[in-house]
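Hi everyone, thanks for making time for this. I'd like to walk you through a protein chain, so please have a look at the screen.

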Amino acid sequence: MQRNERSLDAVTDYGICMLDGSGIVTGWSSGAQRIMGYRAEEIIGEHFLRFYTEDDNVSGLPVITLERATRDGRFEGEGWRIKKDGSRFWAHVIIDPIYSGSGGVVEYANVTRDLTEHKASDEALRWSEEQFKILVQGVTDYAIYMLDLQGNVITWNTGAQRIKGYPPSEIIGQHFSRFYTQEDLDLDLPNKALETAVEQGRFENEGWRVRKDGTRFWASVIIDAVKNETGELVGFAKVTRDVTDRNHNQQELARAREALFQSQKMETIGQLTGGVAHDFNNLLMAILGSLELVRKRLPDDRKTLALLDNAMQGAQRGATLTKRMLAFARRQKLHLEPVDVPALVRGMADLLERSLGSTVVVETLFPLSLAKVQTDPNQLELALLNLAVNARDAMPNGGTISIAARRAKITDAHSELSPGDYICLSVNDEGEGMDDETLGRSVEPFFTTKGVGKGTGLGLSMVHGIMKQSDGQLVLQSEIGKGTRAELWLPVIPEPMTTAAQDDSSTVEDLGAPQSLTILAVDDDALVLMNTVAMLEELGHTVIEAGSGRRALELLRSHSSIDLVLTDQAMPNMTGTQLIREIQLGWPDMPVILATGYSELPDGAGKDISLLSKPFMQSELSQKVSEVMLQSS
C-alpha cells in the first residue's frame with residue numbers, strides 16, 4: 001500500500017484522489033496538492049463537491065458524476081473546477097468506481113488534469129477561426145470560397161454572392177465549372193486549373209467568367225491547393241475578383257497610347273507629305289509654265305502640239321495629286337464652292353477604276369437634274385474615294401459598289417442637320433457589314449477593323465470632319481452579311497448664291513489686260529524664278545529678280561520704279577509673309593502677291609494678303625496681277 005502511495009505521489013501532472021461511496025476524500029496525491037492547492041491534512045475527510053463551481057453544485061453535478069460512474073463503469077468530462085485559493089481552472093476529469101468482492105462500489109478513483117492552457121489555446125483558435133470567418137464573410141470585393149477535391153463549392157462568402165449572383169443555398173454543392181464560359185468549358189479549363197494548383201501549389205490567371213444572370217465579367221482568379229498537417233490534399237481555396245473596370249481602363253489606356261502613336265506617326269507623315277508636296281509644286285511650276293510658254297512659240301504642228309498638250313495634262317494631274325497631298329497634310333483648308341455632284345463623280349471614274357481594281361464593278365445612279373451643293377470638290381473627291389476603298393475592302397471576293405444621289409428635305413428640328421434641302425450622295429456595297437458595336441465606333445479616329453498595316457483608322461473620321469465643315473453629315477447604315485450604306489448629306493446651294501458666284505467670276509474675267517509694270521519677283525528656287533520671270537515678261541512686264549527676302553529688300557531700296565512684288569512663301573531665313581511685313585513697314589502702298597501651295601498661312605500673317613495658288617498658269621498669273629493692281633488703284 002505504501003508503495004502504491006509512493007507511486008501516486010510521483011505523478012505530479014495529474015491530481016489523483018480517492019473518494020468513498022458518498023464522495024468524501026479518503027486519499028490525496030502530491031499531484032492533487034499541486035493542482036488543487038490543498039494539503040492532504042486539509043482535504044481528507046471533506047466532500048469533493050468543494051472542487052465544483054457554485055452553479056455545478058446547485059445543479060447537482062457532483063452527485064450526477066458519481067451516479068454515472070457507477071452506472072456506466074466510468075465518468076469522463078471537462079469543466080471548470082475551483083482551487084483552494086478560489087481561482088478556476090479547466091479540468092479534464094475521470095472517475096472510475098472500485099468494486100468489492102461482492103460487486104458493490106466501495107470507493108472511487110478521481111483523476112484530474114489541469115487543461116487551462118490547452119483550453120485557452122482552443123479558445124484562441126476558436127476565436128481566430130470565428131474572426132477569420134467574419135472577415136471572409138465581410139469581404140465584398142472578393143469572392144472567397146472553398147472547393148472539395150472534385151471542385152464542388154463547400155463554402156461561399158458575401159463577396160462571392162455579390163460578384164457572381166448566387167446565394168449560398170443555390171451554389172454550395174455545385175461544381176465551380178458553372179462560372180466558366182462555354183469556350184473555356186470546351187477547352188476543359190476548370191479541370192486544368194485544378195491540376196495546375198495540385199502540381200504547382202497555385203493556379204493564377206485572368207479571363208471571362210459568367211454570373212448567374214448570364215452576363216460576363218473579367219475575373220482575376222487564384223486557386224490554392226489546401227493540405228492538412230500531414231501534407232494530404234484536402235481541397236482548394238479560390239479567390240476571384242471582378243476586374244472588368246480595370247481591364248476596360250487598361251484597354252482604353254492601350255488604345256490611347258496606340259492613338260497617340262498613330263497621331264505622332266500621321267503627324268510625321270503629314271509633315272513629310274507637306275514638304276514633298278511643296279517641292280513638287282515648285283517642279284510643277286517650272287514644268288507647266290515652261291510648257292505653256294513653249295506651246296505659244298511652237299509652229300502650228302498638230303502632232304507636236306498634241307504631244308505638248310499631253311505633257312501639260314500629265315503635269316496638271318500632278319498638280320491635282322499635290323492638292324490631295326496637301327489636304328492629307330492638313331495644309332490646305334476647305335474651299336467651299338458650288339459643286340455638281342454627278343459631274344464630280346463622273347470625273348473620278350478613271351481614279352475609282354484604278355483604285356478599286358478589276359474585281360469591283362461601280363454603278364452610278366443620278367437623276368437627270370440635280371442641284372449643286374456647297375463643299376470643297378477636292379475634299380469631296382477624297383471622301384468619296386475613302387468610302388469606295390472601304391467598300392472594296394469589305395468585299396474580298398469582289399462585288400458591286402453603287403454610287404447614287406438624290407435630293408431630300410430635312411424638316412425635323414431634332415435632326416443633327418439644320419432644316420432645309422440637301423443632296424444625299426450614297427455609296428452602297430455588298431460586303432460583310434458591321435455589327436452595332438463596330439458601327440458605333442466607326443468614325444472614331446484610329447478605329448479600324450482592318451489588319452495591321454492595312455488601314456490608319458482615319459478614313460471615316462476624315463470624311464466625318466469634311467461633312468461637318470460643309471454643314472453636312474456622314475450617315476452610316478450596316479448589317480452583318482448585308483453590306484454597308486454610307487450617305488454624305490450636303491446642303492443645296494440657294495439659287496441667289498449660285499448667281500452671285502457667277503456674277504463674281506464674270507467680273508473677274510472682264511478685268512482686261514494689265515498695263516506694263518515693273519515687277520519684283522522673289523523666289524529661292526531658280527527653276528521657279530526663271531519660269532515666273534518668263535511668264536511675266538511674256539505678258540509685257542519688266543521683271544527684277546531676287547533669290548531671297550533680304551535681296552528683295554535691297555532691290556526695293558535701290559529701285560523706286562517697282563510697281564508690284566510677287567514673292568514665294570517658303571524661303572529660308574526670311575519667309576514670304578515676313579518679307580511682306582517688312583514691305584508694309586517701309587513701303588506701305590506697295591501691292592504684293594504671295595505665291596504658295598498652302599492655303600493656311602502662319603498665325604499673324606494677316607488676312608489681307610493676296611494669294612496665288614501654286615502651281616499657276618500664265619492666265620492665272622495675269623488675272624491675279626490685274627486684280628491686285630485694280631484693288632490698289
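**A walk through the chain**

Let me start with contacts: if we take those in the protein chain between residues at least 6 apart in sequence, 57% join residues at least 24 apart. Please keep in mind that this is a predicted model. The chain has 633 residues, and 40% of them are buried. As for secondary structure, we have 22 helices and 21 strands. The exposed surface comes to about 34,900 Å², with carbon and sulfur atoms supplying 51% of that area.

Now to the inside. The largest nonpolar core holds 37 residues, and the members that touch the most others are L380, I401, I403, L425, M467 and L488. Several elements give two or more residues to this core, among them helix 14 (349–356), helix 15 (377–393), strand 13 (399–410), strand 14 (420–428) and helix 17 (459–469). Which element gives the largest share? That is helix 15, with 7 residues.

If you zoom in on M467, and set aside its neighbours within four places in sequence, you'll find it in contact with L380, G472, Q473, L474, L488, W489 and L490. There is also a second, separate core, made of 21 residues, including Y145, V153, F217 and A219.

Let's stay with helix 15 for a moment. Its 17 residues should span 24 Å at 1.5 Å a residue, and its end C-alpha atoms are indeed 24 Å apart, so the two values agree. The buried residues here include P377, Q379, L380, E381 and L382; further along, A388 and A391 are also among the buried ones. At the N-terminal end, D376 acts as the cap, with a side-chain oxygen 2.9 Å from the backbone nitrogen of N378.

Helix 19 is another one to look at. It covers residues 526–538, 13 residues in total, and reaches 18 Å from its first C-alpha to its last, close to the 18 Å expected. An aspartate caps this helix too: D525 places a side-chain oxygen 3.0 Å from the backbone nitrogen of L527, at the N-terminal end. Buried along helix 19 are V528, L529, N531, T532, V533, M535 and L536. After the helix comes G540, which has a positive phi near 100°.

A glycine with positive phi also turns up in the hairpin of strand 1 and strand 2: G23, near 105°, in a hairpin with 4 residues between the strands. Strand 1 (residues 14–20) and strand 2 (residues 25–28) run antiparallel and are joined by 3 bridges. Within that pairing, L19 stands opposite V25 in strand 2.

I'll finish with two loop residues. The first is K614, in the loop between strand 21 (610–613) and helix 22 (618–632). Is this lysine buried or exposed? Its relative accessibility is 6%, and the limit for buried is under 20%, so K614 counts as buried. Its side chain is joined to that of D568 by a polar contact of 3.0 Å.

The other is T230, which sits in the loop between strand 8 (216–227) and strand 9 (233–242). Here the relative accessible area is 68%, and exposed means over 50%, so T230 is exposed. The T230 side chain has a polar partner as well, with a contact of 2.7 Å to the side chain of N228.

Thanks for listening, and I'm happy to go back to any part of the model.

Technical notes
Residues numbered from 1 in each chain as written. Predicted model: local features only at pLDDT ≥ 70, side-chain atom pairs only at ≥ 80, totals over all residues. Heavy atoms only, no water. Expected span 1.5 Å × (residues − 1). Buried < 20%, exposed > 50% of the residue type's maximum accessible area, 1.4 Å probe, protein only. Polar contact = N/O pair within 3.5 Å; in protein donor to acceptor, adjacent residues only side chain to side chain. Contact = heavy atoms within 4.5 Å. Areas by Shrake-Rupley, 256 points an atom, 1.4 Å probe, with all protein chains shown as cover. Core = buried A, V, L, I, M, F, W, Y, C linked by side-chain atoms within 4.5 Å. Pairing = 2+ DSSP bridges.
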